[in-house]
Structure formats: structure tokens, C-alpha cells
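Work through the exercises below with the model open. Each task is followed by a solution in steps.

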Amino acid sequence: MMADTIPDIARMPRGGPGASWLDRTLQTDRLEYLDRNDVDELKDRVVRALDRGGRRRHGIYGKCAQVALDVVADVPRPKILELGAGLGGLSEQLLRHRPDAEVTITDLDPAFVDEIARSDLGRHPRAIIRTMDATAIDAPDGGFDLAVFALSLHHLPPASAARVFAEGTRVARKLLIIDLRRPPAPLHAVVLAAVMPFTPVIPLTHDGVISSMRAYSPAALKALARHAAAEIEVEFRTRRFGPTVVVAARRSEAAA
Ligand SMILES: C[S@@+](CC[C@H](N)C(=O)[O-])C[C@H]1O[C@@H](n2cnc3c(N)ncnc32)[C@H](O)[C@@H]1O
């Protein structure tokens with residue numbers, strides 16, 4: 001049942017219910033190329049640039065995998081669900097570093113899922129590949145030890161993002177969300193002014209600017225979880241210079 005502490009979650013600012021005027025100004029409903037189906041080439045360039053960057057030696061996938069594997073460190077043969085997996089770089093790391101894990105690799109975009117299915121990852125004996133919507137997960141309650149949604153929540157408007165909290169904590173004992181950090185508003189304004197001129201020429205910058213304007217603050221993430229279900233607890237594990245990291249669980253699971 002939805003808690004009614006936030007009457008109109010759809011209108012909540014990305015900076016959270018108490019966001020300042022400046023912070024509310026620095027958000028947008030504009031879609032990234034990654035969210036659109038009318039710009040195939042630009043979308044392809046963005047997803048491949050993200051994938052290349054993520055797979056580098058000190059890339060984000062290795063760091064995200066470390067965070068995810070910490071959450072299931074004590075779980076034997078963990079069943080992990082990756083939502084919004086893009087081209088699957090994070091799942092590949094999870095499989096490599098936990099030789100007893102089974103990983104279900106999913107994304108909303110059937111083209112990405114198809115590409116994973118045709119790659120070596122698609123033939124991995126401990127990988128299951130599926131198309132899946134993180135806001136309406138096609139899986140039974142409690143089927144996974146961990147659901148991971150990395151660098152993707154900001155793509156969703158607040159009402160859908162709250163559904164991810166509800167669904168992720170329904171199908172998995174723990175839901176791990178890793179996403180871009182929302183910068184403090186004055187710093188955000190300066191960075192946007194410096195980067196904005198490059199958005200027409202660099203597709204990744206175009207999507208990066210929109211991403212930063214759509215990133216949720218910790219207060220917003222708490223509000224989304226509370227709206228999804230009063231019994232969801234969130235724990236922040238954000239490191240000093242890293243992305244926002246939040247682990248959500250239903251109260252019974254959090255206690256366990
Ligand atoms: C910025 S990409 C991140 C991909 C991957 N997690 C990574 O770190 O490279 C965002 C991904 O979220 C996916 N996505 C957007 N809305 C979604 C939804 N409702 N359910 C599942 N995936 C979704 C997109 O298709 C895209 O692959």
C-alpha cells in the first residue's frame with residue numbers, strides 16, 4: 001500500500017521536497033538520447049561510450065560490482081538481478097568476482113538485451129538474459145537476494161522511480177541503487193554553465209548534462225522510498241567522491 005506522506009510525488013523536485021529555488025531551477029524534463037527512440041545513432045554512441053568508460057581498469061563497473069558484492073558478501077550462491085543493465089558491463093564483473101552467483105541481466109530496451117544475448121555474456125552458464133521494466137518487475141516476491149539498478153534511476157520521473165523502490169524490494173531482499181550524485185545547487189549552476197556549450201557536439205555531454213539535472217538528492221531518494229511503502233528502510237553508503245549509493249529493504253529484511 002502506498003504511504004500518503006507525499007500527496008503528489010509526481011511533482012516532487014529532484015532535489016527533494018525541501019529543495020531550494022535554485023535547485024528546483026536546475027532540473028529538466030528533457031529526455032536524454034538514451035531515453036529516445038527517434039535518435040538511434042546518437043543513442044548508440046552514448047551507450048557505447050558509457051560501456052567503454054565503465055569497463056576501463058578503474059571504471060565504474062568494477063566499483064559498482066564491489067559495492068554490490070559487499071551487500072551479498074555473506075550470502076552463499078547469491079541470486080542477483082541487474083535492472084537497466086545497458087550492455088551488461090556490471091553484470092559481467094559480478095559474474096567474474098562471485099563464481100557462485102547467478103545473475104539475471106535485464107534492461108527495458110530490447111535492442112540492448114538482444115546485443116547481450118548475442119555476446120559471450122549471453123552464453124555464460126550463470127547468466128539469464130531478459131527484457132524487463134524496473135517499474136513492473138516480472139518476477140515473484142523474494143526471488144532474488146539482491147536487485148541492482150545502476151546509473152539509471154535518474155532516467156525515471158518520480159512516480160516511476162518510486163515504483164522501482166516498491167518493485168525492487170518486493171522481488172529482492174535488498175535493492176541497491178547507485179546513481180549520479182546531485183551536486184549542491186551553486187556548484188551545479190557553475191558546472192552546467194561551463195559544460196552546456198558542448199552539448200550540441202558531444203552526445204555523451206548532452207546526456208550527462210540532462211542526467212545531472214535529473215539526478216535525485218538523498219532527500220528525494222528517501223521520499224521516493226517512503227512513498228513506495230512505509231516499511232521500506234534506506235541506508236546510504238555513498239563514499240566521499242563516489243556516486244550516490246543507497247541500499248533499500250523492507251523492514252523485516254533490513255532487520256534480518
Ligand atoms: C545510463 S544507462 C545505464 C546502463 C548501465 N546500468 C550502465 O551503468 O552502463 C540507463 C539504462 O536504463 C535503462 N532503463 C531506462 N528505463 C528503464 C526501466 N523502466 N526499466 C529498466 N531499465 C530502464 C535504459 O534502457 C538504459 O540501458
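The exercises cover one helix and one residue in that helix.

This is a predicted model, in which local features need pLDDT of at least 70, side-chain atom pairs count only at pLDDT 80 or more, and totals for chains, interfaces and linings use all residues. Residues are numbered from 1 along each chain as its sequence is written, and side-chain values use heavy atoms, without hydrogens and water.

**Exercise 1.** Compare the expected span of H3 with the distance between its end C-alpha atoms.

Step 1. Helices are DSSP runs of H or I with at least four residues, numbered from the N terminus; H3 covers 60–71.
Step 2. The expected span is 1.5 Å times one less than the number of residues, so the twelve residues of H3 should span 16 Å.
Step 3. The end C-alpha atoms of H3 are 17 Å apart, which agrees.

**Exercise 2.** Find which residues of H3 are buried and how they are arranged around the axis of H3.

Step 1. Buried means under 20% relative accessible area with a 1.4 Å probe, protein chains only; in H3 this holds for Tyr 61, Cys 64, Ala 65, Ala 68, Leu 69 and Val 71.
Step 2. Down the axis of H3, these residues fall within an arc of 145° (taken from the directions from the helix axis to the C-beta atoms), so they line one face of the helix.

**Exercise 3.** Describe the surroundings of Ala 68.

Step 1. Ala 68, in helix H3, counts as buried because its relative accessibility is 0%.
Step 2. Contact means heavy atoms within 4.5 Å; leaving out residues up to four places away in sequence, Ala 68 touches Leu 94, Leu 146, Val 148 and Leu 176.

Notes: Helices (H or I, at least four residues) and strands (E, at least two) are DSSP runs, numbered from the N terminus. Buried means under 20% relative accessible area, exposed over 50%, partly exposed in between (1.4 Å probe, protein chains only).
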